[in-house]
Amino acid sequence: QVQLVESGGGLVQPGGSLRLSCAASGSVFTINNMGWYRQVPGKERDFIAGISRGGRTNYADSVKGRFTISRDNAKNTVYVQMNTLKPEDTAVYYCYADVIFYDGGMRNYWGQGTQVTVSS
């Protein structure tokens, strides 16, 4: 069984910073793409940032220049450094991972979500 455990959410003032982490645990052969989405009540889950195993990144236009995604393949962990936060960044943030198992099977997993609130 694979689990993604997120940490790092919380309350921050506008202009502040937070760093989210998401660690995958379980019997994993390797992980291809990892990344982050976010969701506010009543709206769809939106893509924020993604990173390939080789380190290629892509971002939503709304966070370009403010958020930086990175990963540690040895730890099966993905991070997102969020700077210059705005009230509109308030959401539940979810990580995902495209996991490959030793038998060659593949499956997408999601974290449980962590709340980020940007408010003065």
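Serine 21 touches Val5, Glu6, Ser7, Trp36, Val78 and Tyr79, not counting neighbours within four places in sequence. Serine 21 belongs to strand 3. Its relative accessible area is 17%, so serine 21 is buried. The model is predicted.

**Strand 1 against strand 3**

Strands 1 and 3 run antiparallel and are joined by five bridges. In this pairing, valine 5 faces alanine 23 of strand 3. In a regular strand, side chains alternate between the two faces of the sheet. Strand 1, residues 3-7, shows such an alternation. Leu4 and Glu6 point to one face and are buried. Gln3, Val5 and Ser7 point to the other face and are not buried.

**The disulfide**

The whole structure holds one disulfide. Cysteine 22 and cysteine 95 form it, with sulfur atoms 2.0 Å apart. The angle about the S-S bond is 50°, and the link of cysteine 22 and cysteine 95 is right-handed. Cysteine 22 sits in strand 3 and cysteine 95 in strand 9, so the bond ties together parts 73 residues apart in sequence. How accessible is cysteine 22? Cysteine 22 is buried, at 0% relative accessible area. Cysteine 95 is also buried, with a relative accessible area of 0%.

**The nonpolar core**

The largest nonpolar core has 30 residues. Trp36, Phe67, Val78, Met82 and Tyr93 touch the most other members. Seven strands are listed as each giving at least two residues: strand 3 (18-25), strand 4 (30-39), strand 5 (46-51), strand 7 (67-72), strand 8 (77-82), strand 9 (91-100) and strand 11 (114-118). Strand 9 gives the most, with five residues.

Which residues does phenylalanine 67 contact, beyond its neighbours within four places in sequence? Phenylalanine 67 is in contact with Arg38, Ile48, Tyr59, Val80, Gln81, Met82, Asn83, Leu85, Asp89 and Tyr93. Of these, Met82 and Tyr93 are also among the core residues that touch the most other members.

**Aromatic pairs**

A pair of aromatic rings is described by the distance of the centres and the angle of the planes. The structure has six aromatic pairs. Two of them are set out below.

| Pair | Centre to centre | Angle of planes | Geometry |
|---|---|---|---|
| Tyrosine 37 and phenylalanine 47 | 5.5 Å | 80° | edge-to-face |
| Tyrosine 96 and tryptophan 110 | 5.7 Å | 50° | tilted |

Both pairs link distant parts of the chain. Tyrosine 37 is in strand 4 and phenylalanine 47 in strand 5, 10 residues apart. Tyrosine 96 is in strand 9 and tryptophan 110 in strand 10 (residues 106-110), 14 residues apart.

Is tyrosine 96 buried or exposed? Tyrosine 96 has 10% relative accessibility, so it counts as buried. Its partner, tryptophan 110, is partly exposed at 35%. Tyrosine 37 is partly exposed, with a relative accessible area of 22%. Phenylalanine 47 is partly exposed as well, at 25% relative accessibility. Ring pairs join Tyr37, Phe47, Tyr96 and Trp110 into a cluster.

**Charges over rings**

Where does the charged end of arginine 45 sit? The charged end of arginine 45 is over the ring of tryptophan 110, 4.8 Å from its centre. Tryptophan 110 thus has a place in the ring cluster and a charge over its ring. Arginine 19 lies over the face of tyrosine 79, at 4.1 Å from the ring centre. Tyrosine 79 is also one of the contacts of serine 21.

How values were computed. Residues are numbered from 1 along each chain as its sequence is written. This is a predicted model: local features need pLDDT of at least 70, side-chain atom pairs count only at pLDDT 80 or more; totals for chains, interfaces and linings use all residues. Side-chain values use heavy atoms; hydrogens and water are left out. A nonpolar core is a set of buried Ala, Val, Leu, Ile, Met, Phe, Trp, Tyr and Cys residues joined through side-chain atoms within 4.5 Å. Buried means under 20% relative accessible area, exposed over 50%, partly exposed in between (1.4 Å probe, protein chains only). Helices (H or I, at least four residues) and strands (E, at least two) are DSSP runs, numbered from the N terminus. Contact means heavy atoms within 4.5 Å. Two strands pair if DSSP finds at least two bridges between them. Rings of Phe, Tyr and Trp (its six-membered ring) pair if their centres lie within 6.5 Å; planes under 30 degrees apart count as stacked, over 60 as edge-to-face and the rest as tilted. A charge sits over a ring if NZ of Lys or CZ of Arg is within 6 Å of the ring centre and within 35 degrees of the ring normal. A disulfide is a pair of cysteine sulfur atoms within 2.5 Å.
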